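Here is a walk through a two-chain model, taken strand by strand and then across the interface. Have the structure open while you read.

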Amino acid sequence: MGLQVRLQKKVNGFALDIEWQIGNELAVLFGFSGAGKSMTLQLIAGLMKADKGQVRLDDIVYFDSSAGIDLPPQERPFGYVFQDLALFPHMTILQNILYGAPNHSTNEKLDRAQEMIHAFKLTGLEDRYPYEISGGQKQRVAFARALIRRPKALLLDEPFSALDHPLRLEMRRFLRALRESFNIPALLVTHDFEEAVAISDKIIVYRHGNIAQIDSPERIKRSPANRYVSQLISSDEGVPVERSS
Amino acid sequence: MENSVLFSVRLSLQVASLATVLIVLTGMPLAYLLARKAFRGKELLDVLCTLPLVLPPTVTGYYLIVLFGRNGLIGRLIYEWTGWSIMFTWYAAVLASFIVALPLMIKTTRAAIESVDRNLINASYTLGHSEFDTALKVILPLAKRGIVAGTALSFARAMGEFGATLMLAGNLPGRTDTMPIAIYSLAGSGEWSQAHFMVLLMTTMSGIFLYIANRFTKRII
């Protein structure tokens, strides 16, 4: 059970070659920018096609190069939250959330949207446009939109990177509570080790498109697998960029 | 006002309107293909769609005669089946305007579609929406300003089409003399007052459409 991923992809001189699995937990993909974390999410969601490998969630295979299986993103049950949130600027908050449930009747959609608006504390903002609400509210709309179709796993591509520190702390708590209430695997990409430790059950450390270590936050802190990981976790916060080598 | 002047004004509007409808219907899918798809021959298609923008209208008109003339590649088939030829009808003026103004629609719309944030399109796919649905509900609304600008530019260009129209539709008073062609005839025969009127009308109308196009291109989302 859970999300099992084995992927290889070469693109413009960069080679991704990773294999990991996560259970019903909050896992973090951690590493420098350019290590292949966001690419992994896109491959899992079917927004990009891997050269080789398999993506499997709870016994259902969504991608398998050797079996010729490659479901389009529309048919993969992942809730995706993008780094810039990707809220549709021409739709109101309600329309944005409703857009996440295309295959349901109008009544059911509206019921679910009301549920989401209530659960994500967006009441009163239904008719506003994304540019009219705050950063934290936008985050919650993006989560509500991704969750209204009841995905079987969450893929989160640095959704908190644009927030200031206090709001970030609040959103971390929000995310932990959210994952527990929806009870699905969640995968969060971050290059902020403090965030990774604060939020996750498991950290998957990326290095140049490979896996450097997979472990619980405490164990990675206590015993980094190698010098690279120990340097990585002690590096200052910011946006470090992986040197191509 | 002279009946012939009114006829030309009405014919020009009729030709440009029909040409613009056809331009929007074919230009949008072509612009979408060029903006979003990778396929063999894409560059060739782009060049073919853009050529009428730079070719002398007489050359475009020449090609259209070769294709649609009574003995042309397509024109002959149409004539054999129906006994009808597009040559020297007002439909020929529509065809000429369509071909000459289409590149403006494609270029403007393509740029607008390309400027739509990729993440928004990806978000739509991950939310379960098909490519067609996404084009309709996300890409087109966000590229709307460019599409409106392209439509206005195309209409203005279609109204002003002269060279290819003259070759294909001829200069038949009361049948194919659109405003530009009527102005040519009036100036040739020294009937200045009517020519003045139509020149001013053309200038004003073209100016208005350019203004609309500019207003909409300034703020392509």
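Start with a pair of neighbouring strands: β10(A) and β11 of chain A (residues 210-215) run antiparallel to each other, with 5 bridges between them. Keep in mind that what you're looking at is a predicted model. The two strands make a hairpin with 2 residues in between, and one of the turn residues, A:H208, has a positive phi of about 45 degrees. A:R207 has A:N210 of β11(A) as its bridge partner.

β10(A) covers residues 202-207, and 5 of its 6 residues are buried, so call the strand mostly covered. It also pairs with β3 of chain A (residues 26-30), this time in the parallel sense and over 4 bridges. There, A:F30 sits opposite A:V205 of β10(A).

Chain A has an open sheet too, with 5 strands in the order β2-β1-β4-β5-β6 and antiparallel pairing. Which strands stand at its edges? They are β2 (14-22) and β6 (69-70) of chain A; each has a single partner strand, so one side of each is left without a neighbour in the sheet. At the β6(A) end, β5 of chain A (residues 60-64) runs antiparallel to β6(A) and is joined to it by 2 bridges. A:F63 faces A:D70 of β6(A) there.

The pairings covered so far, side by side:

| Strand pair | Sense | Bridges |
|---|---|---|
| β10(A) and β11(A) | antiparallel | 5 bridges |
| β3(A) and β10(A) | parallel | 4 bridges |
| β5(A) and β6(A) | antiparallel | 2 bridges |

Now for chain B. What is it built from, in terms of helices and strands? The chain has 11 helices and 0 strands. Its C-alpha trace spans about 65 × 40 × 25 Å along the principal axes. Of the 221 residues in chain B, 46% are buried. Take the contacts in chain B between residues at least 6 apart in sequence: 73% of them join residues at least 24 apart.

One helix of chain B deserves a closer look, namely α6(B), residues 118-126. Here 7 of the 9 residues are buried, so the helix is largely enclosed by the rest of the structure. The buried residues are B:L120, B:I121, B:N122, B:A123, B:S124, B:Y125 and B:T126. What covers them? The cover includes parts of both chains: α1 (37-45), β7, α2 (93-99) and α4 of chain A, along with α1 (3-36) and α7 (131-142) of chain B. At the N-terminal end, B:D117 acts as a cap, with a side-chain oxygen 3.0 Å from the backbone nitrogen of B:N119. After the helix comes B:G128, whose phi is positive, near 95 degrees.

That leads to the interface. Chain A and chain B bury about 1,600 Å² between them, with 66% of it on carbon and sulfur atoms. In chain A, the residues that lose the most area to chain B are A:Q74, A:H90 and A:Y99, together 34% of what that side buries. The contact takes 20 residues from chain A and 19 residues from chain B. Across this interface the rule finds 0 salt bridges, but it does find 6 residue pairs in polar contact, both at pLDDT 80 or more. β7 (78-81) and α4 (135-147) of chain A are the elements that give two or more residues to the side touching chain B. By class, that side of chain A has 14 nonpolar, 3 polar and 3 charged residues.

Definitions and conventions:
Residues numbered from 1 in each chain as written. Chains lettered and ligands numbered in written order. Predicted model: local features only at pLDDT ≥ 70, side-chain atom pairs only at ≥ 80, totals over all residues. Heavy atoms only, no water. Buried < 20%, exposed > 50% of the residue type's maximum accessible area, 1.4 Å probe, protein only. Pairing = 2+ DSSP bridges. Contact = heavy atoms within 4.5 Å. Buried area = accessible area lost by both parts, 1.4 Å probe. Salt bridge = Lys/Arg side-chain N within 4 Å of Asp/Glu carboxyl O. Polar contact = N/O pair within 3.5 Å; in protein donor to acceptor, adjacent residues only side chain to side chain. Nonpolar A, V, L, I, M, F, W, Y, C, P; charged D, E, K, R; others polar.
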